[in-house]
Amino acid sequence: MTRRDFLEKAGRYGGASFTTMTALGLLSRATGRGAELQGLPSVAAGKPGTKVVILGAGIAGMAAAYELGKLGFTCTVLEASQRPGGRSLTIRKGDTLTDTLGHTQTCAFDDGHYFNAGPARFPQWQVTMDYCRELGVAVEPFINVNENGLYYNEGVAGPLAGKRLRQREAKADARGHIAELLAKAVNTDKLDQKFTAEDKERVLEFLRREGDLNADTLAYEGSSRRGFKKWPSVTSTGEMDPALDLLALLQANFSVHFHRNNEFEYQSALFQPVGGMDMLAKALFAKVKLVVRFGCAAQEIRKTPTGARVVYTEGAETKELIADHCICTLPPPILRTTAHDFGPMVKNTLNIIPFQNSARIGLQFKRRFWEDDDRIFGGISWTNQPINEIYYPSHGFFQPKGVLIGYYMFGPPSDEVTQLTPADRIEYAMKQGEKLHPQYRAEFDNAFSVNWSTVPHIKGCLSHFPEKLTKTLYPFLIKPDGNLHLAGDWASHLGGWQAGAFESARHVVKNIHAKVAAL
Amino acid sequence: MRLAPHRLPPLLTLMLLMVLMVLMVLTACARADSPKPAADIDKPARRDAELIAASKNPATVKAGKATYTALCLACHGAETAKGDSPSNLFDPKWYHGGRPSEIERTVLVGFLEKNMPPWGEVPPPENPPALVAFILSQQK
Ligand SMILES: Cc1cc2nc3c(=O)[nH]c(=O)nc-3n(C[C@H](O)[C@H](O)[C@H](O)COP(=O)(O)OP(=O)(O)OC[C@H]3O[C@@H](n4cnc5c(N)ncnc54)[C@H](O)[C@@H]3O)c2cc1C
């Protein structure tokens, strides 16, 4: 019997815990792209410096408690709200949210349906994927690109204004035309680069494939890649519509939508936990629940000569907690208005973190018309209307009902809907969404909307640290300030991703471990 | 020559250094003939006139746009007058005062409780006026 066999058998009979096995490196542990925690020695129980208070039970706070726990530290997590997960928020039947403006909504989706009001997906390369594996969270593909999804831009120049197009039509035609232009330029030697005859043939071969060009004339004459008016079958080879005109495509400005899926964060493949994004937060919580205290809101974060002191409220009572280290994961809008001893440069940096608003709405429909009528199974449709995008669910295909995300907006449009009542937000989503799907009104069932700048204890969505300030101000966020530490996705170069929260937590855990190990 | 009697404590020196570095980075794109810093912000009428004049200077507007893209675009979006929201800087409606000097004050002081940062603390002094010049240049 091998060591692994033994442990697996023992594990089955309750002899060896999952954590023992991961500690022995027999089950894979999350490996970040930054701080490496694997192989760090545990600290001695009760050793000075090993008591840590963590503010916030979002991904960053819980990940820090989880990783520090593995290393022998004693943690307490104070969480102002009554649930773990923070921005990782999945809305299901019966869930209630009262925003800071006083609007209360209760979710009336059918059983089994959900709406990820916050994170919805993660790419395969992020550490989030590792934590799903380590914590036993089942994942399934998140369909980010669907060529059958729609593009709809209105108020633009040219004949395609206000027309619904399948993404494949716009993409195949644009690529074809551009490849043709390039092929012709190569052929007339009008390019800067001097090609040998052989190189030239290689470039042309690339462009023929890239644009599906006519092999002889190098013309783009349409392509089956753009799909069919009548799809191939036994009796038909398929009938195509004529290709769209290049200038018309450029006027309609569809290219603003093309590039999104090319960005490294959005490239295939992406994943989501089965059953809702908060399944990950819940699995993490299960590991640290003994040390999390809900309804405890930090009011003051203080440095002491040897560590940290946190004043917090629990109900009507004001209490104090003294520890060797404090990890603060409060979102910047909350931290800015909390009394703290972080230095003046940290304070300036916190003040200018562009923690922006965003708004999302989950719309439940009585029928999955996007699948039934439009044959769009998952993916995203794009528009230049303020609603921006419509996400179709990547799960629950063929069920009678479905919940889609009817808008995902940033900037002024998100601030605009934030001022609306929940009922008016539905109308906002309807009026624009029905231009892509005329079935909207007839099939509408109910809705739930979240404006992140008004979510209690969060008050914003995410931030990408201004690139211009990464050399100057950003370093203040990731350096310990005495025994006070900041963690959160906004204190990483993966702002807006749970991976940023995980990586940031790992970075802080490593710093604290190093400091204590040196004692 | 004797050393200056008051030497800055090392931490403060470091902080000043950092601020200087920020200034250097940010000024790089905003030098182009910006209007003078908001020294006489208490003389609104004169300041309004200066900022309006600046908004007609293409180099200043260009510098302002670059800073806008780097620091403001995420929350305030691209130049469109569509929609009514306090964070739309390109519609005709102002929620916190629409005089050029008032806009400049907003940029410098911010409203942290509403997630609008106080930029006066960070970029070099000629940046906010250039930003205001850019915003004004976009008003229809
Ligand atoms: C709309 C939206 C879409 C997103 N999309 C994705 C996505 O597709 N994929 C992805 O991976 N990520 C996505 N993200 C980002 C992801 O949600 C975050 O990166 C991550 O959840 C942040 O975790 P955190 O622990 O840093 O912060 P948070 O989750 O904000 O945790 C902070 C915690 O502090 C608590 N708190 C606040 N005040 C106090 C106080 N005074 N005392 C104690 N506790 C307090 C809060 O209640 C909260 O629980 C999205 C976020 C949003 C909002």
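**A buried ligand and some local details**

Modeller: A:His457 lies in the loop between strand 22 (444-451) and helix 16 (474-478) of chain A. The model is predicted.

Colleague: What makes the phi of A:His457 worth noting, as a residue other than glycine?

Modeller: Its sign. Phi of A:His457 is near 70 degrees, a positive value, and the residue is not glycine.

Colleague: Why is the peptide bond from A:Ser268 to A:Ala269 called cis?

Modeller: Look at omega. For the bond from A:Ser268 to A:Ala269 the angle is near 0 degrees, and the bond is cis. A:Ala269 sits in the loop between helix 8 (255-258) and strand 11 (270-273) of chain A.

Colleague: Now the ligand. Which residues are closest to it?

Modeller: They are A:Ala60, A:Glu79, A:Arg87, A:Arg121 and A:Ala298. In total, 36 residues surround the ligand.

Colleague: What makes the pairing of the ligand with A:Arg121 a polar contact?

Modeller: The cut-off for two N or O atoms is 3.5 Å. A nitrogen atom of the ligand is 2.6 Å from a polar backbone atom of A:Arg121, so the pair qualifies. A:Ala298 passes too: its backbone N or O atom lies 2.9 Å from a ligand nitrogen. So does A:Ile59, where a polar backbone atom is 3.1 Å from a ligand oxygen.

Colleague: How much of the ligand's accessible area does the protein cover?

Modeller: On its own, the ligand has 1,000 Å² of accessible area, and the protein covers 98% of that.

Colleague: Which element of chain A gives the largest share of the shell around the ligand?

Modeller: Strand 13, with three residues. Among the elements that each supply at least two are helix 3 (59-70), strand 2 (74-79) and helix 17 (498-517) of chain A. Domain 2 (51-86 + 288-354 + 462-517) and domain 3 (90-149 + 267-276 + 356-454) of chain A each give at least three residues.

Colleague: What classes of residue does the shell around the ligand have?

Modeller: It has 19 nonpolar, 12 polar and five charged residues.

Colleague: How do you know where the predictor is confident in chain A?

Modeller: By pLDDT. Chain A averages 93, and 94% of the residues score at least 70. Residues 6-26 of chain A stay under 50.

Colleague: What is the mean pLDDT of chain B?

Modeller: It is 78, and 69% of the residues of chain B reach 70 or more. Residues 1-14 of chain B stay under 50, with two contacts beyond four places in sequence. Residues 19-33 of chain B are also under 50, though the model has 34 such contacts there.

Colleague: Why hold back on regions of low pLDDT?

Modeller: Because predicted coordinates should not be read in detail where pLDDT is low.

Colleague: What scores does the predictor give the complex?

Modeller: An ipTM of 0.83 and a pTM of 0.91.

Key: Residues numbered from 1 in each chain as written. Chains lettered and ligands numbered in written order. Predicted model: local features only at pLDDT ≥ 70, side-chain atom pairs only at ≥ 80, totals over all residues. Heavy atoms only, no water. Near = heavy atom within 4 Å. Polar contact = N/O pair within 3.5 Å; in protein donor to acceptor, adjacent residues only side chain to side chain. Areas by Shrake-Rupley, 256 points an atom, 1.4 Å probe, with all protein chains shown as cover. Helix = DSSP H or I, 4+ residues; strand = E, 2+ residues; numbered from the N terminus. Nonpolar A, V, L, I, M, F, W, Y, C, P; charged D, E, K, R; others polar. Domains from an automatic or database assignment. pLDDT = per-residue confidence, 0-100. Contact = heavy atoms within 4.5 Å.
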